[in-house]
Amino acid sequence: MGTSVDAAIKEENGNVAEKKPTVVFVLGGPGSGKGTQCTNIVQHFGYTHLSAGDLLRAEINSGSENGTMIQDMIKEGKIVPSEVTINLLQKAMQESGNDKFLIDGFPRNEENRAAFEAITKIVPEFVLFFDCSEEEMERRLLNRNQGRVDDNIETIRKRFKVFLESSIPVVEYYDSKGKVRKIDAGRSVEEVFEAVKAIFTQKDEKAAV
């Protein structure tokens, strides 16, 4: 299982560059609705959804030494070292058996971005950016009541600040390369998915030409 991805990730000399997995980075502030839309994309377009946050939480729950280190950093509001997250992402890609991935909530900063491309030799197909006002994201987070310990107002605002300072430069970098597909995420789930569908349908049509 996962041989196509294994081959693609191991291949670094460009001979079978076309076999590299397709990666779409999914970025948006906390509460922008990107997780919900990723589920829809998986169902309609056959991608595997890899949430950097979920992979990190699973590692924390495993009770490993790595997990304890990650938990301490998150508690302090720090960003986990790139290599840690990239290793978890690579492992999940290799185990999935798929060759199309939505990577959600990563890269969180410019250093993450550069490290991902350097370590995996994969450049994203495009970046799906869920653009949503801070007021709307805050309202959604306070309403969703998912039992997440990091959903109190003070922590939410800290997460917004980190997102603006760290992740927006990543969006700007890829925008300069013509790779950002920006979605107005302040609308209803259905309206947002119509916009998302148009982007992925267009990509598939281009690939078929």
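**Exercise 1. Which residues is Val42 in contact with, leaving aside its neighbours within four places in sequence?**

Solution. This is a predicted model, and the first step is to place the residue: Val42 is found in helix α2. The next step is to look for its partners, and, with neighbours within four places in sequence left aside, Val42 is in contact with Tyr47, Thr48, His49 and Leu102. A further step concerns the backbone, where the C-alpha atoms of Val42 and Phe101 are separated by 9.0 Å, although these two residues are 59 residues apart along the chain. The last step is accessibility: Val42 has a relative accessibility of 29%, and it therefore counts as partly exposed, since that class lies between the 20% and 50% limits.

**Exercise 2. Describe the order of elements along the chain and the sheet that the strands form.**

Solution. Begin with the inventory, which gives nine helices and five strands for the protein chain. Read from the N terminus on, these elements follow the pattern α-β-α-β-α-α-α-β-α-β-α-α-β-α. Next, turn to the sheet, which is open and has its five strands in the order β2-β3-β1-β4-β5, with parallel pairing. The edge strands are β2 (48–51) and β5 (180–184), each of which pairs on one side only. Neighbouring strands of this sheet are, on average and with direction ignored, turned by 20° against each other. For a closer look at one pair, take β1 (residues 22–28) and β4 (residues 126–131), which run parallel and are joined by five bridges. Within this pair, Phe25 has Val127 of β4 as its bridge partner.

**Exercise 3. Is Gly31 buried or exposed, and how does Gly35 compare with the class limits?**

Solution. Both residues come from a list that UniProt gives, in an unreviewed entry, for "binding site", and that list also includes Lys34, Arg144 and Arg187. Start with Gly31, which is found in the loop between β1 and α2 (34–45). Gly31 has a relative accessible area of 18% and is therefore buried, because the limit for that class is under 20%. When residues up to four places away in sequence are not counted, Gly31 touches Met137, Arg140 and Leu141. Then move to Gly35, which lies in helix α2. Its relative accessible area is 32%, so Gly35 is partly exposed. Under the same exclusion of residues up to four places away in sequence, Gly35 touches His49 and Asp104.

**Exercise 4. Locate Gly105 and Arg108, and list what each of them touches.**

Solution. A further "binding site" annotation in the unreviewed UniProt entry covers residues including Arg57, Lys78, Gly105 and Arg108. Gly105 has its place in the loop between β3 (100–104) and α6 (110–120), and Arg108 too is in the loop between β3 and α6. With neighbours within four places in sequence left aside, Gly105 is in contact with Val26, Leu27, Lys34 and Ala52. Arg108, not counting residues up to four places away in sequence, touches Ile79, Val162, Ser166, Ser167 and Val170. As for accessibility, Arg108 reaches 38% and therefore counts as partly exposed.

**Exercise 5. What percentage of the residues of the protein chain count as buried?**

Solution. Of the 209 residues, 43% count as buried. The surface that the protein chain exposes is about 10,900 Å², of which carbon and sulfur atoms supply 48%. Finally, among contacts between residues at least 6 apart in sequence, 76% join residues at least 24 apart.

Technical notes. Residues are numbered from 1 along each chain as its sequence is written. This is a predicted model: local features need pLDDT of at least 70, side-chain atom pairs count only at pLDDT 80 or more; totals for chains, interfaces and linings use all residues. Side-chain values use heavy atoms; hydrogens and water are left out. Two strands pair if DSSP finds at least two bridges between them. Helices (H or I, at least four residues) and strands (E, at least two) are DSSP runs, numbered from the N terminus. Axes are lines fitted to C-alpha atoms, for helices over the stretch in contact, and angles run from 0 to 180 degrees between N-to-C directions. UniProt positions are given in the numbering used here, feature names are shortened, and annotations may be inferred rather than shown by experiment. Contact means heavy atoms within 4.5 Å. Buried means under 20% relative accessible area, exposed over 50%, partly exposed in between (1.4 Å probe, protein chains only). Accessible areas come from the Shrake-Rupley method with a 1.4 Å probe; for residues, only the protein chains shown count as cover.
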